[in-house]
Structure formats: structure tokens, C-alpha cells
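Me: Could you take one part of this protein and examine it closely, explaining each term as it arises? I should like to understand how its residues are placed.

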Amino acid sequence: MTFARPLGVALALLAPHLAMAAEFDGRQLTPVWGIPFAGILLSIALMPLLAPHFWHHHFGKVAAAWSLAFLVPFAILFGPGVAGAAFVHAALAEYIPFVILLTALFTVSGGIYISGNLRGSPALNTAILAIGSVLASFMGTTGASMLLIRPLIRANDNRRHKAHVVVFFIFTVSNAGGSLTPLGDPPLFLGFLKGVDFFWTVSHIFPETLFLLGALLALFYALDSWYYRQPGEVEPVDPTPETRGIGFDGARNFWLLGAIVGLVLLSGFWKSPVVFNVAGTEVGLPGIVRDLGLIAVTIASLTITPATVHADNQFAWAPMQEVAKLFAGIFLTIIPVIAMLRAGVEGPFGAVIAAVTRPDGSPEPAMYFWAAGVLSSFLDNAPTYLVFFNTAGGDPQVLMTTLAPTLAAISAGAVFMGANTYIGNAPNLMVKAIAEDRGVDMPSFFGYMAWSAGILLPLFALITFIWFR
């Protein structure tokens, strides 16, 4: 009896409207269900500082523990069938395609070694960030990040201060640069699958993207130039051996990058009536072909890439393993949070949804920009985009025309503000892991947020005032 009573109170807090529903509805939940998600975020933020040795060896177990802290009570309250269906949907519709694409991009980009002794001057560093920002909209933020982060770190291996270079790389290449096409970032690709024209984004948020990237590159050049002029900033002896010219080893992987782009586009343009239903989750033939093709591309890259290229690139699976394990926990614990958001004004987070609507019922672009952006900073930006896409009506033809400012605000918020934290976009965490693996003393979770708050938030405020007010 002493155990049953507090257990009953806990279950009542988790689901005050529960009647052992056969179907999962976010309106049945309370914000208490967000605790496992908040727990995994706080673990990512605090444990590397408070218990670095434990975190380094057991972060996967921590992510699994928070996942079970959501999944087990959920199965008890809603039944194993509903819990299983939610698990399968998160795995098949979101996590597995996500990890397969990231693994393909990580592997193929890691098979390309940009040879040559690059010198990490402010001009060269700024040029690499600019080139990567352009590439990000055509080969994805992950592809561009994985291609260029290693040569950028190598170019600065004789610099005393390097963390700011990587931070601005995350701001530009890993996030803002991917805002112009559906190939750039997952939220825009989901919009493309929903019916948004391929070139709609570049025609509607190009000025905002140009302003943001231009401001970031100018700020970076000024900051890097200041560091560069400091006594002792540049070591007299460059640890990278002198070589002639710039070249690409493992260049055959560029063809595989093209294959990845082609497979992603194919899955968007190809409409097939063949659909497989797995525990309530529909898996279409185009998605299956895409994922199998990406697996084949990954295997092909590992087969054709010389071992010397991987050695020169210091290619290792640790960054990919870290992202895969942590995001497995994030994708599971985020299930109730997204469900509560999708419940709209009648759900536990109704205040968030109501805040983006004007008194006359029309959408408020500025609020959509910030709501989509702030949530994308901590939630996965792809489902966050879909939540607000549907909140604004969900009709792509209306959103591309009558409500174009609203769709532009959602798109910009989801992509731009993924740079606010390490977990806002998958490449952020991968870039951080690669940089730390190469000896760069990266800011902590909150240290990085201090950078983003000081640099990005004022720029986002200006974007709001100029374009979305």
C-alpha cells in the first residue's frame, strides 16, 4: 500500500485525462512528460563539465536511461501497442533515415582529403566559411561540414586560438548556409515533400540569408584578425609539412556525393503508390530505395577510399557514434513534446501555438520566426518545422502565396536558429566532436550558447525588424 499510493499519484500527474486510450493524443498529456527530454538535454549540457570521464565512456547509457524513463511509463499508461507504435514511427519515419543519411555524408566526406598546407589566416578562414556556406545548400549542411571542417582545423593547427573558428563554422556552414534549397537542411526537405516548390525558399529568404551570412563573415573576419595580431598567436613552426599546391585525394567520392544528392532528390520527386504499413507507420517505396541506395553509397565509399586517405583525414567513427547514440535518445524522448505541440491550442503547450496568431486569427510572421526558431534550438528542427507548417494551415499552395511571409518566417527560424545550441542541428554536434578529437578546446554547452546569444540573437532581432514585423 505504501508503494501503490505514490505510484498512483505519479500516474495521475502524467495523464490526468487518461482512460487507457487506444490512440495516442497529445491533449492527454501534461508537461511532466517533457522531463525525460529535458533530462537528456541537461545531461548533454552538464555532464561533460561535472563528470567528463563518466560521460565520455557512458553517454550512450545515459541516453538509453532517459529513453526508458519515457518509454516504460508510456507503455504502462497507454499500453504496449501504443508505445510500440510510437517507437516504430520514431525509428522508421525519423531516426533510421536520419542516421543513414548522416552516415553516408560522414563517410563519403571523410573519404575526401584536401591536401596542401593551408595557412589559417583571417582571409583564408573567411573564404573557407564562405565557400562552405554556398556548398551547404547543395550538398547539405552535414556534407559541407564534414568536407571542410578537417582542412579548416588543419589550416589553423599553428594558431593559439581556434575555438572561435569552429564556432563561426557551425553558425555559417552547419546552419545558415543550408537555408536556400531542400537539399540544405532537413526542415526544408520536409517542406519539399509536403509540396513546397524546390526553388521557393531561395526566392523568398535569399535576402535574409545573405544578410545573416554577410554579417557573420564580417564579424568573423574582424574577430579573427584581432586574434591573429596578438603576440604569440601564430607558432613559428607549422606542424603541417610543406607541400606544393592544393589537391583532392579520394576525389572519386565526389561522384558518391552526387549520388547522395540524387537519391535524396529522387525520394522527393518520385511518387509511388507502393506503401508498406509497419505498426501504423507508412513506409513508402521511394524512401526505402533512398535508404538502401545510401547504404550502398556508404559501403562503396569505404571500399574505394584508400586507407591512406582515411589516415590523413584522421577518419574515425567516434563522432558519428556519439551523434547516433545521443539522437536516438532525443528522437525517443521528443515524442511526447512534439505530440503536445501538435495538439494545438487545446494541448498543454497551447500558449505557444496561440502566441503565433494575431487577434483577427491571421498568423504573425515575427512570432512564427521566433517560436519555430527557439524550439528548433532545442528540439529537432525538422518536426518543429512541420508543427508550425501545419499550425499555419498546412496547405502548401496557400503558404507559398497568400501566407508567403509566414512560411518564410518558419523556414528561416527553423534553419537559422538551429545554430543556437549544439543540439539544434546534427552537424553542430559532429563538428564539435571532430574538433575536440583534434585537440580544439571547444566551449561547453552553455559556453557555446553564450557565443550564440551574443552574436546570433542581435542579428535575428534585426532580421525580424527588417523582414518579419
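Reply: A residue is called buried at under 20% relative accessible area, exposed at over 50% and partly exposed in between, using a 1.4 Å probe and protein chains only. Ala-123 has a relative accessible area of 48%, so this residue is partly exposed. The model is predicted: local features need pLDDT of at least 70 and side-chain atom pairs pLDDT 80 or more, while totals for chains, interfaces and linings use all residues. Residues are numbered from 1 along each chain as its sequence is written, and side-chain values use heavy atoms, without hydrogens or water.

Ala-123 belongs to helix α5, a helix being a DSSP run of H or I with at least four residues, numbered from the N terminus. Although 102 residues separate Ala-123 from Ser-225 in sequence, their C-alpha atoms are 8.5 Å apart in space.

Next comes the interior. The largest nonpolar core (buried Ala, Val, Leu, Ile, Met, Phe, Trp, Tyr and Cys residues joined through side-chain atoms within 4.5 Å) contains 118 residues. Phe-171, Ile-260, Phe-327, Phe-369 and Phe-388 have the most contacts inside this core. Helix α5, covering residues 122–155, gives the core its largest share, 11 residues. Another core lies apart from it, with 15 residues, including Phe-74, Val-82, Ala-83 and Ala-90. In soluble globular proteins, nonpolar side chains tend to be buried together.

Phe-327 deserves separate attention. When neighbours within four places in sequence are left aside, Phe-327 is in contact (heavy atoms within 4.5 Å) with Tyr-95, Phe-98, Ile-423, Ala-426 and Leu-429.

Methods:
Helices (H or I, at least four residues) and strands (E, at least two) are DSSP runs, numbered from the N terminus.
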